[in-house]
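Hello,

Here is the structure I promised to pass on to you. Please have a look at it first, and then read my notes below.

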Amino acid sequence: MSSFEKQQKAIDLSHHLSKVALARETSPLKGLARYFGRPGLITLAGGTPSPDYFPFAAISGDALVPESFAVSTSHSESSLSWLWKLFGGSSKEKTSPITIPKFSEHAGDVNLATALQYGTATGLPQLSKFINDFVGKIYQPGYSDWTTLVQTGNTDGWSRVVLTLCNPGEAFITEDWTYPSALASSQPYGIHPVGVPMDSEGMRSDALRKLLSEWDESARGCKRPHVMYTIPVGQNPTGVTMNVPRKKEIYDICVEYDIIIVEDDPYYFLQMGSYVPKFERASQASSVDSAKWLGSLSPSYVKLDYQGRVIRLDTFSKTIAPGARLGFFTCNPRIAERLERAGETSSQAPCGFGQSLIAQLLTTWQFEGYVRWLQGLSVQYKVRRDFLIDSLAEEFHLRMSLGTAGSRAGCIVYTASGRPRRDAEMTEKFASNDKPYFSFVPPSAGMFIWLKMHFENVQGFRAGDEDTLEMKLWTKLAEAGVLIGPGRYFNAEDEDLGTAEGHFRISFSFASDTELKKAAVIFAKVLRDFFENPQ
Amino acid sequence: MAPSSFVDLTHHFSPETIARKTNPLKDIIRISLSNPQLISLANGDPHHSLYPIRRIDYEVASVSSEDPVADLKSLGDAAPTQVLSTSHDVDSQRLLKASLQYGHGAGLADALRTVDSINKAYHDAPNHVTTMTLGNADGITKVLRMLGAPGDYFLADEFTFSPMPLAAEAHDVKWVPVRIDSGGIVPEVLERILASWNPERGRRPHVLYTVPCGQNPTGSTLSLERRKKIYEIAQRYDLIIIEDDPYYFLQYDRTRSEPGASNDFARSLLSMDTDGRVIRIDSFSKIMAPGMRLGWITSTPAFYDYLVKYIDLSTQNPHGFGQILITSLLGPSGWQLSGFDKWVRSLRADYQRRRDFLLSLFAREVAATGLASADVPEAGMFVWVRVHVAKHPRFRSGLAARAADGTVVRTNTAALMAELFDACVAGGLVICPASVFVIRADPAHDDVSDPIDDRSNFIRTTFAGSEETIAAGIPILGRVLKEFFASPAA
């Protein structure tokens with residue numbers, strides 16, 4: 001939406017609220033809260049301990065400076081700096097101290113007396129303010145009365161959203177392959193996923209329209225879904241990213257069929273562009289400024305959202321640390337109010353240590369500093385992705401081709417087959433086996449490489465064996481010392497493994513380079529053995 | 001250690017609990033934690049070199065003196081402190097990394113050992129196990145969801161901290177109030193409700209939610225005798241007891257004379273739990289700081305398994321910042337358990353001083369009017385003030401008015417108490433009226449011969465705040481009461 005168009009308020013979408021959400025009452029005690037802190041009123045009402053008795057004088061820490069990671073991969077020093085830091089310890093790192101005192105010297109500063117007190121479920125004011133400002137500048141929601149609300153991470157976020165929107169027995173729309181925790185958290189309530197086929201950009205809009213227009217309530221046993229759960233960037237597990245035209249198509253369909261879009265977007269800032277093979281890479285590096293980098297990121301659904309039907313889930317898990325258990329919703333005020341009710345009787349406000357530390361960190365870094373940090377992170381993940389694919393290229397025979405059919409049409413596909421052992425290569429002529437073991441499309445965002453296994457090339461393969469082979473191979477890999485994610489965990493509708501393909505999800509977010517290299521070696525050894533000499 | 005003789009209580013699970021599967025990704029975390037040699041490329045954990053936080057120092061109160069809370073109070077910023085740092089040695093590095101990563105739903109092993117050591121020191125429950133929570137509100141909601149099927153009836157003190165029961169009501173669990181007096185739940189009333197339960201109304205209540213120490217709002221504490229009776233009723237009627245005990249460490253006037261007690265804190269229901277039917281909920285909110293949002297649940301392994309499954313699929317592992325704190329606070333270079341014990345005793349001594357301060361002011365400024373009285377709370381943060389509403393010139397009895405919930409009330413107590421609340425606010429004081437804590441009875445089934453509206457002539461005051469607040473507030477209460485009872489004009 002162009003800036004000179006006047007933004008509208010969110011439309012009324014309260015008919016999407018579930019029975020549980022509507023039944024949540026405001027505590028009668030909250031009615032009293034309006035009297036608290038009113039000047040001239042003494043309160044003997046609340047059971048809030050005096051901060052004088054908090055046994056904390058201050059929390060302080062060292063935080064990396066926002067420029068800690070290079071924004072270009074052009075020279076080897078910066079591209080490998082994370083490796084050095086790993087082995088060199090913290091001596092080379094530049095940090096700056098942050099301190100949160102019990103009582104602040106200046107009004108409005110972050111302090112423990114406030115952060116460690118009972119608060120409303122809306123969180124620490126300084127943090128909320130930073131988040132609001134950040135969302136307005138980065139995601140630019142398309143309607144005027146959007147709001148944000150802190151939560152304790154996106155798994156908590158989604159589990160609150162699904163109960164706020166869905167009644168038992170309902171279905172929600174998702175990608176054919178998706179984050180299993182999202183599926184497992186709704187399943188106990190009889191709220192089940194319906195998968196939509198994917199392509200190189202994720203959910204297919206034509207398939208979505210087909211699903212909705214042909215929805216047969218009696219055959220499906222439930223009414224047409226009114227909620228969509230989607231991971232549009234660095235999709236978990238497939239690693240694909242959706243661009244604006246597709247988001248626009250899907251948004252329009254959701255307007256037409258009155259669907260709430262839940263945009264789970266933890267990898268938004270880990271967009272890293274396409275993979276370039278090692279030997280071509282040197283020439284492509286260039287440094288970009290932060291504004292240009294931000295502009296290159298695929299816009300969020302909230303930017304297209306002129307009605308207020310998108311609930312966006314952001315988390316600090318991937319950008320600060322998972323143990324912070326801190327994230328936020330961006331959505332329309334009516335839904336935010338119900339999500340707050342769901343929060344205030346359960347997890348309440350997120351931990352005050354984390355809120356104050358992160359608020360202090362972000363306000364010290366400021367908006368520009370945080371953006372710079374995020375840009376540096378995205379480069380670190382790019383380096384990690386490239387390192388893993390390079391390692392696979394060393395251990396397997398990797399062939400590049402253009403995908404022509406199905407979900408990979410138009411993508412650069414890498415197909416891996418066995419490579420002779422290095423010692424054997426030196427001594428005898430050894431034709432590489434051209435039967436592929438697996439293939440993948442390098443991810444352009446996120447943390448994962450999604451492998452499609454070519455189990456049909458396993459000696460003695462019988463059609464229909466794919467599932468058992470997937471678990472057999474997974475076990476062999478685990479026994480050999482490498483743990484990866486079995487594809488079946490990520491299948492949206494697990495009763496319907498019709499495609500009978502095997503998959504694995506490999507994460508490049510955590511392991512060190514030595515581990516990634518060692519894992520690639522083990523992977524190659526186990527796969528060769530598995531494909532050539534199956535039991 | 002006595003072998004566990006827990007009975008199988010899995011029939012108490014709600015349908016959603018039974019239907020809940022394990023979060024498969026958390027299974028992988030468990031496998032990788034159990035074998036450190038494995039290279040895990042399974043989960044989306046950012047590498048710790050990518051976390052911007054490199055060191056965290058918690059500057060906490062020192063417990064070197066005999067009465068650290070008194071020091072804190074008299075010296076303020078100048079009170080002695082000690083620093084718990086998480087970057088100066090290898091061991092704390094590990095703690096910083098582990099706590100900032102994704103983890104197990106139950107919590108970090110180090111943090112769990114900490115709460116286990118607290119449990120061991122204060123309770124006698126060697127076969128129960130613990131999982132961390134994000135404070136009691138989170139703990140209670142999760143336990144209620146684990147046990148509550150739509151249409152179920154649960155039991156609670158008739159005056160109770162209402163947000164918790166309300167959260168379960170959204171999931172169609174209904175509450176049956178149990179009459180309480182100044183000593184908490186009356187066991188005979190509890191038994192009568194269960195014995196006379198009409199099965200046509202629905203499944204007999206199978207869960208009792210209670211706050212045994214310094215009950216919120218009435219301040220009552222269950223005696224050992226009542227605890228034993230309640231536990232025995234729970235055994236006979238197959239009840240699960242949710243023992244929500246945030247004020248456990250704030251027990252006053254205690255001596256070590258209580259039979260069977262290994263320390264001078266009241267014997268918890270957990271310590272009596274031979275069957276495994278007590279789920280105990282503890283919190284650091286009242287003894288450290290509420291904004292920490294950290295607590296723990298103690299239960300049998302059977303309940304633990306299901307709680308952890310639910311945690312893994314919702315809030316996940318508790319935040320690292322709180323787990324680092326309690327691990328290092330009770331660790332070898334922190335307070336240790338002995339320092340923790342000193343802190344909670346020093347804290348309760350201070351609360352006791354403030355309780356006594358409030359009560360002495362109350363005697364002079366309020367009780368002296370003859371218009372209100374209060375019992376001495378044995379624990380907690382609250383004084384439950386009985387207003388002698390029958391002395392009001394406009395008090396009416398012998399009515400037969402139908403209240404909003406359908407009960408027939410005999411007095412205009414509710415209306416007068418609402419007026420009194422407004423009069424307090426007009427006079428510059430906010431108190432909690434009893435009405436906000438009421439668990440409503442169902443007149444179609446419950447005994448409402450003495451309806452709660454006629455017995456809601458109470459207000460809750462607190463001594464959790466400072467002496468200044470108490471000194472300013474209590475005289476207002478006395479003054480407002482006098483004016484309110486003197487002026488019959490509506």
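**Salt bridges**

Asp450(B) is partly exposed, because its relative accessible area is 32%. Its side chain meets that of Arg455(B) in a salt bridge, with 3.7 Å from N to O. Arg455(B), in turn, is buried, because its relative accessible area of 15% falls under 20%. Please keep in mind that this is a predicted model.

That pair is one example from a longer list: over all chains, the structure holds 59 salt bridges. As general background, side chains of opposite charge can pair when their charged atoms come close.

Two further pairs are worth finding on your screen. In chain A, Glu256(A) forms a salt bridge with Arg209(A), and the closest N and O atoms are 2.9 Å apart. This pair links distant parts of the chain, with Glu256(A) in helix H11 and Arg209(A) in helix H9 (residues 205-213), 47 residues apart. Arg209(A) counts as partly exposed, because its relative accessible area is 34%.

In chain B, a salt bridge brings together the side chains of Arg280(B) and Glu243(B), at 3.1 Å from N to O. Here too distant parts of the chain are linked: Arg280(B) belongs to strand S11 (residues 278-283) and Glu243(B) to strand S10, and the two positions lie 37 residues apart in numbering. Are these two residues buried or exposed? Both Arg280(B) and Glu243(B) are buried.

**Backbone features**

Next, some places where the backbone caught my eye. Most residues other than glycine have a negative phi, and most peptide bonds are trans.

Which bond in chain A is cis? The peptide bond from Asn236(A) to Pro237(A) is, with omega near 15°. You will find Pro237(A) in the loop between strand S9 (227-230) and helix H11 (244-256) of chain A. Chain B has a cis peptide bond as well, joining Asn216(B) and Pro217(B), with omega about 20°. Pro217(B) sits in the loop between strand S9 (207-210) and helix H9 (224-236) of chain B.

As for phi, Gln366(A) has a positive value near 65°, although this residue is not glycine. Its place is in helix H16 (residues 352-395) of chain A. With a relative accessible area of 48%, Gln366(A) is partly exposed. Asp238(B), not a glycine either, has a positive phi of about 55°. This residue is in the loop between H9 and strand S10 (240-244) of chain B, and Asp238(B) is partly exposed at a relative accessible area of 24%.

**Two helices that cross**

In chain B, have a look at helix H13 (residues 413-426) and helix H14 (residues 467-486), whose axes come within 10 Å and cross at roughly 130°. H13(B) and H14(B) are therefore oblique to each other, and H13(B) passes H14(B) in a right-handed crossing. On the side of H13(B), the contact is made by Leu416(B), Glu419(B), Leu420(B), Ala423(B) and Cys424(B); H14(B) brings Leu477(B), Val480(B), Leu481(B) and Phe484(B). What kinds of residues make up this contact? There are 8 nonpolar, no polar and 1 charged.

**Two buried residues**

Ile431(B) is found in the loop between strand S17 (429-430) and strand S18 (432-433) of chain B. It counts as buried, because its relative accessibility is 1%. Leaving aside residues up to four places away in sequence, Ile431(B) touches Leu32(A), Leu44(A) and Ala45(A) in chain A, and Phe421(B), Cys424(B), Ile459(B), Arg460(B) and Thr461(B) in chain B. Ile431(B) and Thr461(B) are 30 residues apart in sequence, while their C-alpha atoms are 6.0 Å apart in space. Cys424(B) may look familiar, as one of the residues of H13(B) in the contact with H14(B).

Finally, Ser128(A) lies in helix H6 (residues 125-138) of chain A. At 17% relative accessibility, this serine counts as buried, because the value is under 20%. Not counting residues up to four places away in sequence, Ser128(A) touches Thr122(A), Gly123(A) and Thr148(A).

I hope these notes help you find your way around.

Best wishes

Technical notes: Residues are numbered from 1 along each chain as its sequence is written. Chains are lettered from A and ligands numbered from 1 in the order in which they are written. This is a predicted model: local features need pLDDT of at least 70, side-chain atom pairs count only at pLDDT 80 or more; totals for chains, interfaces and linings use all residues. Side-chain values use heavy atoms; hydrogens and water are left out. Helices (H or I, at least four residues) and strands (E, at least two) are DSSP runs, numbered from the N terminus. Buried means under 20% relative accessible area, exposed over 50%, partly exposed in between (1.4 Å probe, protein chains only). A salt bridge is a side-chain nitrogen of Lys or Arg within 4 Å of a carboxyl oxygen of Asp or Glu. Axes are lines fitted to C-alpha atoms, for helices over the stretch in contact, and angles run from 0 to 180 degrees between N-to-C directions. Angles under 35 degrees count as roughly parallel, over 145 as roughly antiparallel, 65 to 115 as roughly perpendicular and the rest as oblique. A crossing is left-handed if the near helix is turned anticlockwise from the far one by less than a right angle, and right-handed if clockwise. Contact means heavy atoms within 4.5 Å. Ala, Val, Leu, Ile, Met, Phe, Trp, Tyr, Cys and Pro count as nonpolar, Asp, Glu, Lys and Arg as charged, and the others, Gly among them, as polar.
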